[in-house]
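User: Hi! I'm new to this one and would love a friendly walk through it. Could you show it to me?

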Amino acid sequence: MPPHRLLAALLGGAIAAAAAAQAPPGAGPVPPPGGKDDMSKSKTTIDWPTQIGGRDVASYVKDFTHPDPTARLSAVQTIPAFGPDARKAAGKALVDRLKIEVGLSGDPTVAAGIIDTIGGLGLDDADMPAGAAALGLIVQNGANGGLLRQHAVPVLASFGPKAPQVLFRLTDANVIQDRSFETRRLTAAALARVGMDEHQGPDVRALNVLTLTMIKDASAAVRMEAFQTLLALGPPWKPRKVGDPTPPAVDTPNLAKYVAPMKARLGVNGEKEKQIEVWCRLAVMRFDKDEVNDANLTALANLVATGADAAVKIHALNALAMLGEFAAPKIEKVKDALRAGEPGVVDAAVKALVAMGPKGKPAIPAIKEALAGRTEEYFKKLSEDAVKALEAAKGPEPGGPPGPPPVPPKK
């Protein structure tokens, strides 16, 4: 990997949710934290106990039926401490107990604890269908604004797109219109995990919900999450047969119905939050290569140059970093940001320049000058690494420069 790509890959914070946009088509989402994949990896490095407080897993599972809900919750919350092997002993019991706790005779606090335990521990493949079904019903039919639905959404999404009816549940009108903005935000994030099919690309149900409803949400947090999920999923693909070795092609005839609502958010009466505007423009460019044009690049660069809010500048610089060499025409505006007083802005500006690869070489003197006056050890190291990366930068790798994955040219 060229140095400029390596350094650009270190960008964090605001662009973490959008990082999947740089994955090759069909790669699918990264396994979520806290679920089956993480627990499996940890098994090789942790000597998990066979007893806790003198009791084994089976003993705690028996407490799932204890008449005292406090005892039931304590037992449920102890199970993950036994490690991934506890799935086999406790998985089915957790799912069965969840069905009872969400009923009239159950306790919602215990139900929430079970949901969180399933999310952290994961389930064996044999228990996955029943677990997905139980969580799906909570997601779809849970109380409007209720905490059980809010707990269940990310756990259901952690099962992935192959779990039964996950997308059907998450795109239900009751869920995407839940009165809790946090539930809606979690749902938008969940669609990044389950909305991609490795053979058919982004699911149209996810794209419809995101572009027709969620990018217009009253909550800025929901809109931000929705745009970053769109950036991760990318444009719809033309239908493909399983096993087709040819690269996926964008479904150009159906592209406009997704791009048009996003572009409308950039109009006079559209998006008012500048930070969200950044990700809206980036999503538009992700979907339609013709939108990687001077108008959108200038709009991002102007936010770097004139945005009074440091957070807006950082978001815009991170977006330009993701565009890599495509953002090189705006190198002067990025260089100007090096003179900002805020450390976060300077840091983001350096990384954006490095991400431009060989086209960022003219910025080497400006980087040296701007960072020479800073006393922090971090910036000294950043300057050295940035200069080395730019001096070593060569032309783009085969397959195109860094940034949003290239899409097939329009015919």
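User: Where is tyrosine 258 found?

Analyst: Tyrosine 258 sits in helix H14. Do keep in mind that this is a predicted model.

User: Is tyrosine 258 buried or exposed?

Analyst: Tyrosine 258 is buried: its relative accessible area is 1%, and the cut-off for buried is under 20%.

User: Which residues does tyrosine 258 touch, leaving out those up to four places away in sequence?

Analyst: Setting aside residues up to four places away in sequence, tyrosine 258 touches Val204, Leu207, Asn208, Thr211, Pro236 and Phe287.

User: And how are tyrosine 258 and phenylalanine 287 placed along the chain and in space?

Analyst: Tyrosine 258 and phenylalanine 287 are 29 residues apart along the chain, and 8.4 Å separates their C-alpha atoms.

User: What about the helices there? At what angle do H14 and H15 pack?

Analyst: Helix H14 (residues 256-264) and helix H15 (residues 274-287) pack at about 155°, and their axes lie 9 Å apart. H14 is therefore roughly antiparallel to H15, as angles over 145 degrees count that way.

User: Which residues make that contact?

Analyst: From H14 there are Tyr258, Val259, Met262 and Lys263, and from H15 there are Cys280, Ala283, Val284 and Phe287. Sorted by class, the contact of H14 with H15 has seven nonpolar residues, no polar ones and one charged.

User: Left-handed or right-handed, that crossing of H14 and H15?

Analyst: H14 passes H15 in a left-handed crossing.

User: Let's try another pair. How do H8 and H11 pack?

Analyst: Helix H8 (residues 147-158) packs with helix H11 (residues 181-194) at an angle of about 5°, with axes 9 Å apart. The two helices are therefore roughly parallel to each other, since that term covers angles under 35 degrees.

User: Which residues make the contact in that pair?

Analyst: H8 brings Arg149, Gln150, Val153, Pro154, Ala157 and Ser158, while H11 brings Glu182, Thr183, Leu186, Thr187, Ala190, Arg193 and Val194. By class, the contact of H8 with H11 has six nonpolar, four polar and three charged residues.

User: New topic: where is glutamine 51?

Analyst: Glutamine 51 lies in the loop between helix H2 (36-42) and helix H3 (57-62). Glutamine 51 is partly exposed, at 47% relative accessible area.

User: Which residues does glutamine 51 touch, again not counting those up to four places away in sequence?

Analyst: Not counting residues up to four places away in sequence, glutamine 51 touches Asp56 and Phe82. Phenylalanine 82 is 31 residues from glutamine 51 along the chain, yet their C-alpha atoms are separated by 7.7 Å.

User: One more residue: where is alanine 301?

Analyst: Alanine 301 has its place in helix H16 (residues 294-306). Alanine 301 is buried, with a relative accessible area of 1%. Apart from residues up to four places away in sequence, alanine 301 touches Lys330 and Lys333. Alanine 316 is 15 residues from alanine 301 in sequence and 7.2 Å from it in space, C-alpha to C-alpha.

User: Zooming out, how many helices and strands does the chain have?

Analyst: The chain has 21 helices and two strands. Of its 411 residues, 51% count as buried.

User: And how much area does the chain expose?

Analyst: The chain exposes about 18,500 Å², with carbon and sulfur atoms supplying 57% of that.

User: Last one: what part of the contacts with a separation of 6 or more comes from residues 24 or more positions apart?

Analyst: Residues 24 or more positions apart account for 70% of those contacts in the chain.

Conventions: Residues are numbered from 1 along each chain as its sequence is written. This is a predicted model: local features need pLDDT of at least 70, side-chain atom pairs count only at pLDDT 80 or more; totals for chains, interfaces and linings use all residues. Side-chain values use heavy atoms; hydrogens and water are left out. Axes are lines fitted to C-alpha atoms, for helices over the stretch in contact, and angles run from 0 to 180 degrees between N-to-C directions. Helices (H or I, at least four residues) and strands (E, at least two) are DSSP runs, numbered from the N terminus. Angles under 35 degrees count as roughly parallel, over 145 as roughly antiparallel, 65 to 115 as roughly perpendicular and the rest as oblique. Contact means heavy atoms within 4.5 Å. Ala, Val, Leu, Ile, Met, Phe, Trp, Tyr, Cys and Pro count as nonpolar, Asp, Glu, Lys and Arg as charged, and the others, Gly among them, as polar. A crossing is left-handed if the near helix is turned anticlockwise from the far one by less than a right angle, and right-handed if clockwise. Buried means under 20% relative accessible area, exposed over 50%, partly exposed in between (1.4 Å probe, protein chains only). Accessible areas come from the Shrake-Rupley method with a 1.4 Å probe; for residues, only the protein chains shown count as cover.
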